[in-house]
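Please open the model in your viewer and keep the selection panel at hand. The tour below moves from stop to stop, saying at each one what to select and what is there.

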Amino acid sequence: MSKCAFSASSRLLWISSKKKKVGFYGNSCGSSETIVKDEVRKGFYRDQGVAAGLVRLHFHDCFVKGCDGSVLVDSTPGNSAEKDSPANDPSLQGYEVIDSAKARLEAMCKGVVSCADIVAFAARDSIVITGGLGYEVPAGRRDGRISQVSETFTNLPPPTINVDRLTQAFAKKGFTQEEMVTLTGAHTIGRSHCTSFSDRLYNFNGTTSHDPSLDPMYASQLMLQCPQGNTNPNLVVPMDPSSPATTDSGHYTNILANRGLFTSDQKLLTNAATVIQVNQNAWNVMLWRSKFVSPMLKMGQLDVLTGNAGEIRSNCREPRSDAAAKAGSFDSKSSCGYEVQHSDNICEPQKDHASLSKSTGDMYLKPSLKMQHLKVSTVTSEKKHSSETCVVDAGSNRNDPSRYGTSKVPSIHGTEDALSSPASVEDASAKLTKLHKADSTPKIDVPMLVNTIHNLSDLLLFHSSNGSFELKEGDREALKDVILNLHRCLSKYSEQKIPTPESLFPQQGTSQYLAQLSEMFELY
Ligand code: HEM
């Protein structure tokens, strides 16, 4: 069977996307997603604002020339790159997280993981670390070689436009109006520079007042934070002041209270359909969180480069020269050459940026947005993990209100579709068994194994907290065994004594021994 053929073991993580697949780096760089997650986590500990930056980075990457990492490229004397656009400079942040992840990945598996994929993983991890739902990211994007500032003007919507123009801007990228409304919910995290909305505060439409659609109290607060005539380019305000680092429905409740920061946000109340969606999302955070996953995945598919198109950069800030690319990592080894089992997309007809038709317009030509780069508040975690091998996913503590505000919703770490169907769980165990039994030197893909356990436990937790099933006595016993096994496994790497079933599960209620267990491990 050709290496390009669809193989049984890749079926486990295959999702409907024809272009890319979940688990793309499974054999070529198995820890890639764990490393990106770790770098996001470290970045978040240094500065919580970085999570919002990474989500926006993915948006700005995908809307301009597709998700090809072009937003990461530095300008050169002969070329002004996307990142120098007023839409990106100085407001876009998170580049350092991508750089650190890339450096680690290059050290571990040179020339394999694309910058575009790192951005997509990091965006997902940022959603999760701020309390949103996790999802599996199909990967296999390749990096573009071109990054031009001019492309941003026509593809990134400015914050000053109304619903109709916003709808058109998203329709051009294949999104429905509802998907557009759902995606803007990302404004529940992060901050904005004063210059992005100060036109609403002073001399609005030639008057001496502020935008009348803005709540007067809020307008006064904003005026204090962003004084008229202040030339400090670093002034920022949180977009959802009550929970700026939590992926909740704050964006929509703010809009309903006339506290949407941008014209483009507040205008969602001026259209019959969008006002209904704003209301639904505001009152049902779980609905919005789950609705958000699908358009995010769709966004991550925009105009991706696959197969031989583009390249795998070794430094996300610099495309390799065409000559280097020809002689480099993706020539003779090209589509099927790594010791990787690629998906069949590698053998599909290729598309390159040159063939992409791009619309023109004047969407983001507002030079007033230009200013210096800024750092938002630096928050240092009180408890840091010391060992990489025992990284605890942000999802593990997403129920901790002290860390994530009021968010108490467990994430489904991975799509439900992929894991809830019996077939895919069977596939998962078949794959794991195969990994155990394969040839004379059994290899275990530890990150995959751990991720699978993690996904399944999240799924179980999600359904049990929903009350959608009850654990029977036999199930509870089986779960105790699982916990015991995991505990024994972890004990190997810590000072902990190897527990006995009696020490772990005395005659107590489930919640009590789970609380004890998490105390033992000090999960965050
Ligand atoms: C609907 C059209 C959109 C407009 C007009 C818009 C505009 C903006 C503007 C002006 C900022 C503030 C930048 C600054 O001055 O610092 C911002 C921030 C942000 N946007 Fe959007 N945006 C849109 C859609 C989206 C989408 C689709 C996403 C992601 C799915 C997103 C995610 C974010 C995030 C997370 C931030 C905070 C960034 C940070 O704190 O670093 N936005 N947006």
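Is Lys65 buried or exposed? With a relative accessible area of 6%, Lys65 is buried, because the cut-off for that class is under 20%. Keep in mind from this first stop onward that the model is predicted.

**Around Lys65**

With Lys65 still selected, look at the backbone: its phi is positive, about 60°, although the residue is not a glycine. Lys65 belongs to the loop between H3 and H4, and H3 is the helix that it follows.

In the loop between H3 and helix H4 (95-108), select Pro90 next. The peptide bond leading from Asp89 to Pro90 is cis, with omega near 10°. Then display the side chains of Lys83 and Tyr95, where the charged end of Lys83 sits over the ring of Tyr95, 4.4 Å from the centre of that ring.

**Helix H3 and His60**

Select H3 as a whole, residues 49-63. The helix has 15 residues and reaches 22 Å from its first C-alpha to its last, which is close to the 21 Å expected at 1.5 Å a residue. H3 is mostly covered, with 14 of its 15 residues buried.

Within this helix, pick out His60, which the unreviewed UniProt entry lists under "active site". His60 counts as buried because its relative accessibility is 3%. If its neighbours within four places in sequence are left aside, the contacts of His60 are Val71, Glu82, Ala87, Asn88, Leu92 and Leu156, and showing these side chains together gives a view of its surroundings.

**The phenylalanine cluster**

How many aromatic pairs does the structure hold? There are 9 of them. One to display is the pair of Phe59 and Phe63, which is edge-to-face, with 4.8 Å from centre to centre and 70° between the planes. Both of these residues lie in helix H3, 4 residues apart, or about one turn of the helix. In an α-helix there are 3.6 residues a turn, so residues three or four places apart point the same way.

Phe63 counts as buried, since its relative accessibility is 0%. Add Phe170 to the selection: the ring centres of Phe59 and Phe170 are 6.3 Å apart and their planes lie at 20°, so this pair is stacked. Because Phe59 is in helix H3 and Phe170 in helix H7 (residues 163-171), the pair ties together parts that are 111 residues apart in sequence. Phe59 and Phe170 are both buried. Finally, add Phe175, and the display shows the cluster into which ring pairs link Phe59, Phe63, Phe170 and Phe175.

**The iron atom of the ligand**

Which residue is the only protein donor of the iron atom of the ligand? Select His187, whose NE2 atom is that donor, at 2.1 Å. His187 lies in the loop between helix H8 (177-184) and strand S1 (191-193).

**Onward along the chain**

Move on to Ser209, in the loop between S1 and helix H9 (216-225). With a relative accessibility of 34%, Ser209 counts as partly exposed. Not counting residues up to four places away in sequence, Ser209 touches Leu201, Tyr202, Asn203 and Phe204. A distance line from the C-alpha of Ser209 to that of Ala219, 10 residues apart in sequence, should read 9.9 Å.

Ile255, the next selection, is in helix H10 (residues 250-256), and its relative accessibility of 0% places it among the buried residues. Beyond its neighbours within four places in sequence, Ile255 is in contact with Gly260, Asp265, Gln266, Leu268, Leu269 and Val278. For one of these, Leu268, the C-alpha atom is separated from that of Ile255 by 8.0 Å, with the two positions 13 residues apart along the chain counted as their separation.

Asn258 is in the loop between H10 and helix H11 (263-266). Asn258 has a positive phi of about 55° although it is not a glycine, and at 33% relative accessibility it counts as partly exposed.

**The whole chain**

To finish, clear the selection and show the complete chain, which has 22 helices and 2 strands. Of its 524 residues, 49% count as buried. Among contacts in the chain with a separation of 6 or more, 76% are accounted for by residues 24 or more positions apart.

Notes:
Residues numbered from 1 in each chain as written. Predicted model: local features only at pLDDT ≥ 70, side-chain atom pairs only at ≥ 80, totals over all residues. Heavy atoms only, no water. Donors = N, O, S within 2.8 Å, 3.2 Å for Na, K, Ca; no water. UniProt positions renumbered as here; feature names shortened; annotations may be inferred. Buried < 20%, exposed > 50% of the residue type's maximum accessible area, 1.4 Å probe, protein only. Contact = heavy atoms within 4.5 Å. Phe/Tyr/Trp six-rings, centres within 6.5 Å; stacked < 30°, edge-to-face > 60°. Lys NZ or Arg CZ within 6 Å of the ring centre and 35° of its normal. Expected span 1.5 Å × (residues − 1).
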